[in-house]
Amino acid sequence: MSDYYDAFEMSPVPAPGPDAVPPEPFHGIYGMPAFVTIPTSDFAASVDFWTRGLGFFELFSIPGALVHLRRWAFQDVLLVSAPSVPEQPPAMSFSFACVLGQVDSVVEACRAVRPDSVDGPRDTPWNTRDVAVTTPENARIVFTAAKPFDPASQAARNLAAVGITPPDLGRGDSRGDNAEHA
């Protein structure tokens with residue numbers, strides 16, 4: 001047995017494929033397992049870019065202090081008030097999942113709001129298509145979409161080389177090796 005097991009049922013991210021449908025924006029309240037906090041000196045410009053360009057919505061706000069943005073479940077961003085923002089984007093980035101059918105629309109929407117905000121899209125050795133976006137706060141955000149898995153591809157060989165192989169889709173147990181972990 002591998003140390004890895006199929007736990008996709010925990011995720012709002014749909015199975016990769018050309019017809020993958022993104023989940024609806026998630027309006028529920030939950031304990032956030034992870035989120036990103038981004039300082040902004042211009043809430044209006046930031047909220048405009050994140051909503052029109054990146055497809056987030058405003059879950060709630062505390063005027064002058066915080067705006068909580070969300071997209072899918074577990075894709076939370078807290079914009080917080082700051083006197084200034086960095087002049088350059090940092091080397092680090094924060095990634096959000098999307099589906100392949102959304103990549104081009106994210107690129108178009110971001111360019112419509114801020115023409116020089118987009119880098120990519122690019123295909124990665126780990127089987128995703130990524131687009132990097134620089135927000136008004138100079139945050140580096142990556143939207144990443146899994147590409148359909150081709151077992152004969154170089155990406156499949158790259159993943160197998162690190163011990164990640166596709167589940168045996170012929171099994172009757174859809175949980176795979178997850179049964180002992182559930």
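This is a short talk on one sheet, the helix packed on it, and a nonpolar core. Keep in mind that the model is predicted.

Let's start with the sheet. It is open and has four strands. Reading across, the order is β1-β4-β3-β2, and the pairing is mixed. Why do β1 and β2 each have a side without a neighbour in the sheet? Both stand at the edges: β1 covers 36–40, β2 covers 57–62, and each has a single partner strand, so one side of each is left free of a neighbour there. On average, neighbouring strands are turned by 20° against each other, ignoring direction.

Now look at one pair. β2 and β3, residues 66–70, run antiparallel and share five bridges. Find isoleucine 62. Opposite it stands leucine 66, in β3.

Next, the helix. α1 spans residues 43–53 and packs on this sheet. Which strands does α1 touch? It touches β1, β2, β3 and β4, the last being 76–81. The direction of α1 makes about 165° with that of β4.

On to the core. The largest nonpolar core has 27 residues. Those touching the most other members are Trp50, Leu54, Val77, Leu79 and Phe143. Several elements give two or more residues to this core, among them β1, α1, β3 and β4. Also on that list are β5 (94–98), α2 (100–113), β7 (128–134) and β8 (140–146). Which element gives the most? That is α2, with six residues.

Last stop: phenylalanine 143. Set aside its neighbours within four places in sequence. Its contacts then include Leu54, Phe56, Phe96, Cys98, Val106 and Val131. Arg71, Arg129 and Asp130 are in contact with phenylalanine 143 too.

Terms used: Residues are numbered from 1 along each chain as its sequence is written. This is a predicted model: local features need pLDDT of at least 70, side-chain atom pairs count only at pLDDT 80 or more; totals for chains, interfaces and linings use all residues. Side-chain values use heavy atoms; hydrogens and water are left out. Two strands pair if DSSP finds at least two bridges between them. Axes are lines fitted to C-alpha atoms, for helices over the stretch in contact, and angles run from 0 to 180 degrees between N-to-C directions. Contact means heavy atoms within 4.5 Å. A nonpolar core is a set of buried Ala, Val, Leu, Ile, Met, Phe, Trp, Tyr and Cys residues joined through side-chain atoms within 4.5 Å. Buried means under 20% relative accessible area, exposed over 50%, partly exposed in between (1.4 Å probe, protein chains only).
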